[in-house]
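This briefing covers one protein chain, from its overall make-up down to single residues. Please keep the sequence and the model at hand while reading.

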Amino acid sequence: MKTQASALTDDCNDPLITIEEDEEAHEEDLWFLPGPLEEEPDDLPPGPRAEPPDTAVIEDWAKAEGVHAARLARVAGRLGALDDRLLRGPEGWRHRLALIEAAELSWFAGDRVSSDRLALWISMRLSGAQDDQNALTRIGWAVRRLMGGPGPEIDLAAFLDRRDPENIEDRAERFEDRAGGWLDVIAAAAELHPITRACMGFHLWSLAGLGQHGDRVEAAVTAARIAASESRGAAFAPVAMGGAGGLRAGGPPADRLIRWLDGMEAGFLTSMRHLDDIETWATRAEAEISMLSGRTPPSLCTALTEWPLVSAPMAETLTGASRAAVQRNLSWMEKRGLIREVTGEGRYRMWRAAS
C-alpha cells in the first residue's frame with residue numbers, strides 16, 4: 001500500500017511529462033499526415049525560368065564588336081569619307097544616292113521596282129498598270145526617309161508612319177509598346193558604335209514584333225539611318241547598294257556583324273564610284289553647255305545630276321521649262337554625247353548621264 005501511494009504521488013508531481021509523452025505517442029499513430037517539409041523529397045519538375053532581359057543581347061554584340069574592331073574602324077573611316085564628300089557636294093548627290101539605295105532595297109525585299117519606275121513615281125506619281133502601288137509607296141517612303149529628317153531613335157512610330165488605330169482593343173498588343181521595347185534596347189546599347197548598333201537593331205527587328213507592312217525595307221532603312229546618325233553630310237549609310245549580302249540573317253552576332261561590315265564597305269565603294277562618275281560628268285556638261293543661252297540647259301544638268309534617269313515629262317516638271325525647250329535641249333545633249341537614251345522606245349523614253 002505504501003508503495004502504490006508513492007507511485008501516485010510521483011505521477012501527480014510531474015503531470016507535464018506524462019501529457020507530452022501521450023501527445024507524442026498519439027501523433028505517431030496519425031500515419032496519414034504528411035511529414036515535415038524538410039523531409040519531403042523534391043520530385044516536382046522544374047518550373048519555367050525567368051526570361052533574360054532584352055538588353056542581355058547587347059553583351060553578345062559587344063563581344064562581336066570587339067572581335068571585328070579593326071574591320072569596324074576601316075568601315076567607319078569609309079563612312080567618314082562619304083560624309084565629308086556629301087557635305088561638300090550639291091544636294092542632288094544625296095537624292096541620287098537615296099534613289100539608288102531604295103531601288104536596291106526593293107529588289108532585296110522582292111518588290112523589284114526599277115529605277116525608271118521609281119523616278120516616275122517619285123517625281124510625277126506616274127505608274128503603269130503592271131506596277132504594284134503598295135510596293136511603289138513603300139519604296140517612295142524609303143527614298144524620303146533616306147534623304148534625311150528626324151531619325152528613328154527620336155520617334156520610331158513617326159519615322160515609320162505607323163500608329164495604333166484609335167479603336168484598338170484593350171487586350172491587343174500595341175505597336176507603340178513594341179516600338180518602345182526595340183528603342184529601349186537600342187538606347188541601352190549606346191556604348192556600341194552606331195554601325196554595330198544599326199546591325200543589331202536590324203536583326204532584332206522581327207524579334208521585337210515589328211515585322212509587318214514591308215518590314216524588311218523598314219528595318220533596312222532604319223538601320224541605315226542609325227549607322228549614319230553621327231554624320232552631317234550623309235543621312236544614311238548604304239547597306240544594299242553594294243549587294244544584299246550584309247542583310248542576310250543567320251549565325252551568331254559575330255557572323256552577322258562581319259557580313260554587315262562587308263556589305264557596308266561594298267556599298268561605300270559603290271556610292272563613291274557613283275559620285276566620282278557624276279562629278280566628272282557635271283564638270284564636262286558645264287563646259288559643253290556654256291555656249292548655250294537660257295536657263296533650261298543648266299536646269300537639265302541639275303536634274304540629271306539629281307536623278308539617275310530622266311524622262312521628258314519629268315524634265316519639264318523639274319525644270320519648269322516648256323516641253324519644246326526640254327525636247328530641244330535633250331536632243332542637243334544626246335548629240336553631244338552628254339546623255340544616253342536607255343529605254344530604246346519611241347514613247348516613255350528615259351535618258352541618263354553618259355559618264
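The points below go from the whole chain to selected helices, a helix pair, two buried glutamates and backbone angles. The model is predicted. The protein chain holds 15 helices and three strands.

**Whole chain**

- Of the 355 residues in the protein chain, 41% are buried.
- Counting contacts between residues at least 6 apart in sequence, 66% join residues at least 24 apart.

**Helix α9 (residues 175-188)**

- The 14 residues of α9 should span 20 Å at 1.5 Å a residue, and the distance of 20 Å between the end C-alpha atoms agrees with this.
- Buried in α9 are F175, R178, A179, W182, V185 and I186.
- These residues cover an arc of only 120° around the axis, so they lie on the same side of α9.
- Exposed residues D177, D184 and A187 are carried by the face of α9 turned away from the buried side.
- The packing partners of the buried residues of α9 are α3 (57-67), α8 (156-160), α10 (194-203) and α11 (215-227).

**Helix α15 (residues 323-335)**

- For the 13 residues of α15, the expected span at 1.5 Å a residue is 18 Å, and the end C-alpha atoms are 18 Å apart, in agreement.
- The buried residues here are A325, V326, N329, L330 and M333.
- Their arc around the axis is only 125°, which puts them on the same side of α15.
- A324, R328 and K335 are exposed on the other side of α15.
- The cover over the buried residues of α15 includes the helices α12, α13 (296-306) and α14, together with the strands β2 and β3 (350-353).
- G337, just after α15, has a positive phi of about 80°.

**Helix α6 and its crossing with α14**

- In α6 (residues 115-124), the residues L118, A119, L120 and W121 are buried.
- The buried residues of α6 pack against α5 (91-109), α7 (133-147), β1 (310-311) and α14.
- The axes of α6 and α14 (residues 312-319) come within 10 Å and cross at roughly 35°.
- This crossing of α6 and α14 is left-handed.
- On the α6 side, the contact is made by A119, L120, S123 and M124, and on the α14 side by P313, M314 and T317.
- By class, five residues in the contact of α6 with α14 are nonpolar, two are polar and none is charged.
- A119 and L120 of α6 are buried and also take part in the contact with α14.

**Two buried glutamates**

- E265 is placed in helix α12 (residues 253-288).
- The relative accessibility of E265 is 7%, so E265 counts as buried.
- Beyond neighbours within four places in sequence, E265 is in contact with R71, R74, V75 and R78.
- E341 is placed in strand β2 (residues 339-341).
- E341 counts as buried because its relative accessibility is 17%, and the cut-off for buried is under 20%.
- Not counting residues up to four places away in sequence, E341 touches E334, R349, M350 and W351.
- Between E341 and A354 there is a C-alpha to C-alpha distance of 9.1 Å, at a separation of 13 residues in sequence.
- Strand β2, where E341 has its place, is among the elements that cover the buried residues of α15.

**Positive phi values**

- Most residues other than glycine have a negative phi.
- R112 is a residue other than glycine with a positive phi, near 55°.
- R112 lies in the loop between α5 and α6, and its relative accessible area of 58% makes R112 exposed.
- At the other end of that helix, R125 takes a positive phi of about 55° just after α6.
- D161, which is not a glycine, has a positive phi of about 60°.
- The loop between α8 and α9 is where D161 is found.

Conventions:
Residues are numbered from 1 along each chain as its sequence is written. This is a predicted model: local features need pLDDT of at least 70, side-chain atom pairs count only at pLDDT 80 or more; totals for chains, interfaces and linings use all residues. Side-chain values use heavy atoms; hydrogens and water are left out. Helices (H or I, at least four residues) and strands (E, at least two) are DSSP runs, numbered from the N terminus. The expected span of a helix is 1.5 Å times one less than its number of residues. Buried means under 20% relative accessible area, exposed over 50%, partly exposed in between (1.4 Å probe, protein chains only). The arc is that of the directions from the helix axis to the C-beta atoms. Contact means heavy atoms within 4.5 Å. Axes are lines fitted to C-alpha atoms, for helices over the stretch in contact, and angles run from 0 to 180 degrees between N-to-C directions. A crossing is left-handed if the near helix is turned anticlockwise from the far one by less than a right angle, and right-handed if clockwise. Ala, Val, Leu, Ile, Met, Phe, Trp, Tyr, Cys and Pro count as nonpolar, Asp, Glu, Lys and Arg as charged, and the others, Gly among them, as polar.
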